[in-house]
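User: I am new to this structure and would be grateful for a guided discussion of it. Please reason through each point before giving the value or name requested.

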Amino acid sequence: MYIDLMSPKKQAETNNKNPKAKKVYIETYGCQMNQADSEVVASILANDGFAITDTADNADVILLNTCSIRDNAEQKIFHRLSHLRQYKKKKFKLVVGILGCMAERLKTKLIGERDLVSIVVGPDEYRSLPSLINQAIKGEQGVAVELSKVETYEDITPLRTEGVSAWLSIMRGCNNFCAFCVVPYTRGRERSSSYDSILQQTIGLYESGVKEVTLLGQNVNSYNDLNAKKDFPKLLEGIAQALPYLRIRYSTSHPHDMSDELIYAHEKYDNICNFIHLPVQSGSSKILKKMRRDYTAEEYMERIAMIRKNIPGVSLSTDIISGYCTETEEDHQMTLDLMKEVRYDGAFMFKYSERGNTLAEKKYPDDVPEEVKTRRLEEIIFQQRAIAGEINEAEIGKIHEILVEGPSKKKEEMWQGRSDTNKMCIFPYNGEKEGDILKVKVVSANSATLFVEIKK
Ligand code: 5AD
Ligand code: SF4
């Protein structure tokens, strides 16, 4: 079922003008999936008469949409809760709720946390939020943490913040059970939204002025609508054909599902961006096996060769974990060597953080000392910066097409846009508009940014 895209927005505007509507502030942590989920939560609440506010200062309800992927992500939330106690002192009836992965992982243990938390709601229970909030306003506590095999929220049009880019969640959960990862436990089994609902939503987004859509899922390339007989390459193809001027991105991919068909879809359609995020995690096949990643370093490199052969100029990024259980100096060196061989344009790099209940926690010792994890991570980051710097320097003089996003977040009087290859491009503002697609020439570069001039 497709719902008019403007409806949650109009609903929210009406509620915001109603002085009696309870004001909800949603703060989002973690991955893009969480950002997309917060937009679904905002839509559900707006539909039920709540006002959505962008500051905690005047809120009646504060919801933290949380992440559990590493211990430091959870520590951040506990600190934030300590800080939020001051709001409770000012407004005794303030309701504070925890949503997302931490809610699912810690469940009832979070109730009463920092004498503050009265609602705990997991990722598949957001439809119950309005009633839980109403009960909490009356002083009751509520926990809803059932995981679902079918919930996709595909009938809910997210309440998005304005912008030229939009996220669209196309599948939820994960069946991979990588040994280090808590996600299959916090987000449950894999399930896909229907092909029709995704196509309708993308068309609606395009018609409302969105120029770029990122299709989201924990493992998007195992997307499958069994009824419509559409797998991920077919979904991409369907959107690319229906909307030839919409830029299409997706995240995140698992190497063992990076099929030839998907690579051919990139080759065939100009509007599927020349950028692939393909997490490798480690360059050592021994470690990959202990991670349950289902590929060897050699097989990963074969996928990379296939991608490079068929998608000229493709930009690649990855995720790396340093200091995983039993990782030796040789394993670490293999990761550095693989990164040198691939020459990634970008990488997200982390220290291994043991998570309760995962296979790694049960089976392997977390035996790499903290200072060794830190040193290895620093070496990985140092090398990656140097490589990205070299790649970007080689871009000088080249022409790109960028989608203008608006004022630069880092440099005054400059604006930013993103290339098809996902590079952040900065240029001096001269009357350009958000959503413009412009040809630019690279004039200088560092490891994170290209500085460009607009080609007239
Ligand atoms: N420790 C460190 N990094 C992790 N990731 C997932 N689980 C852990 C963990 N326990 C990283 C992986 C994944 C990314 C989203 O987060 O690299 O691809
Ligand atoms: Fe976690 Fe692996 Fe699933 Fe990614 S594919 S969410 S790392 S279990």
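User: In which helix is Val342 found?

Analyst: The model under discussion is a predicted one. Within it, Val342 belongs to the helix that covers residues 329–342. That helix is H12.

User: Is Val342 buried or exposed?

Analyst: Residues that Val342 touches, leaving aside those up to four places away in sequence, are Tyr300, Met301, Ile304, Arg308 and Leu316. Its relative accessibility is 2%, and a residue counts as buried when this value is under 20%. Val342 therefore counts as buried.

User: How far apart in space are Val342 and Lys439?

Analyst: Along the sequence, 97 residues separate Val342 and Lys439. In space, taken from C-alpha to C-alpha, the distance between Val342 and Lys439 is 28 Å.

User: Where is Lys423 found, and is it buried or exposed?

Analyst: Lys423 is placed in the loop between strand S18 (414–419) and strand S19 (424–428). Beyond residues up to four places away in sequence, Lys423 touches Asp345, Ile391, Asn392, Gly417, Arg418 and Leu450. Because its relative accessibility is 8%, Lys423 counts as buried.

User: What is the accessibility class of Asn422?

Analyst: Asn422 also has its place in the loop between S18 and S19. Although Asn422 is not a glycine, it has a positive phi of about 70°. Its relative accessibility is 24%, and values between 20% and 50% define the intermediate class. Asn422 therefore counts as partly exposed.

User: Why does Asp294 count as exposed?

Analyst: Asp294 lies in the loop between helix H10 (285–290) and helix H11 (297–310). It is not a glycine, yet its phi is positive, at about 75°. A residue counts as exposed when its relative accessibility is over 50%. Asp294 is classed as exposed because its relative accessibility is 59%.

User: Which residues are joined by a cis peptide bond?

Analyst: Most peptide bonds are trans. Here, a bond with an omega of about 10° is cis. One of its two residues, Thr252, has its place in the loop between strand S13 (247–251) and helix H9 (260–268). The residues joined by this cis bond are Ser251 and Thr252.

User: Which strands each supply at least two residues of the shell around ligand 1?

Analyst: The residues surrounding ligand 1 include Asp319, Ile321, Phe350 and Lys351. The strands concerned cover 315–322 and 346–351. They are S15 and S16.

User: How much of the accessible area of ligand 1 does the protein cover?

Analyst: Polar side-chain atoms of Arg70 and Gln281 lie 3.1 Å and 2.6 Å, respectively, from an oxygen atom of ligand 1. A polar backbone atom of Ser353 is 2.7 Å from a nitrogen atom of this ligand. On its own, ligand 1 has 400 Å² of accessible area, and the share covered by the protein is 86%.

User: How many charged residues does the shell around ligand 2 have?

Analyst: Ligand 2 is surrounded by residues including Cys174, Cys178, Cys181, His254 and Arg293. By class, its shell holds 7 nonpolar and 3 polar residues. The number of charged residues is 1.

User: How many residues does the contact between domain 2 and domain 4 take from domain 4?

Analyst: The domain assignment places domain 2 at 163–273 and domain 4 at 399–454. Their C-alpha centres lie 26 Å apart. The contact takes 8 residues from domain 2, and from domain 4 the number is 11.

Terms used. Residues numbered from 1 in each chain as written. Chains lettered and ligands numbered in written order. Predicted model: local features only at pLDDT ≥ 70, side-chain atom pairs only at ≥ 80, totals over all residues. Heavy atoms only, no water. Near = heavy atom within 4 Å. Polar contact = N/O pair within 3.5 Å; in protein donor to acceptor, adjacent residues only side chain to side chain. Areas by Shrake-Rupley, 256 points an atom, 1.4 Å probe, with all protein chains shown as cover. Helix = DSSP H or I, 4+ residues; strand = E, 2+ residues; numbered from the N terminus. Buried < 20%, exposed > 50% of the residue type's maximum accessible area, 1.4 Å probe, protein only. Contact = heavy atoms within 4.5 Å. Domains from an automatic or database assignment. Nonpolar A, V, L, I, M, F, W, Y, C, P; charged D, E, K, R; others polar.
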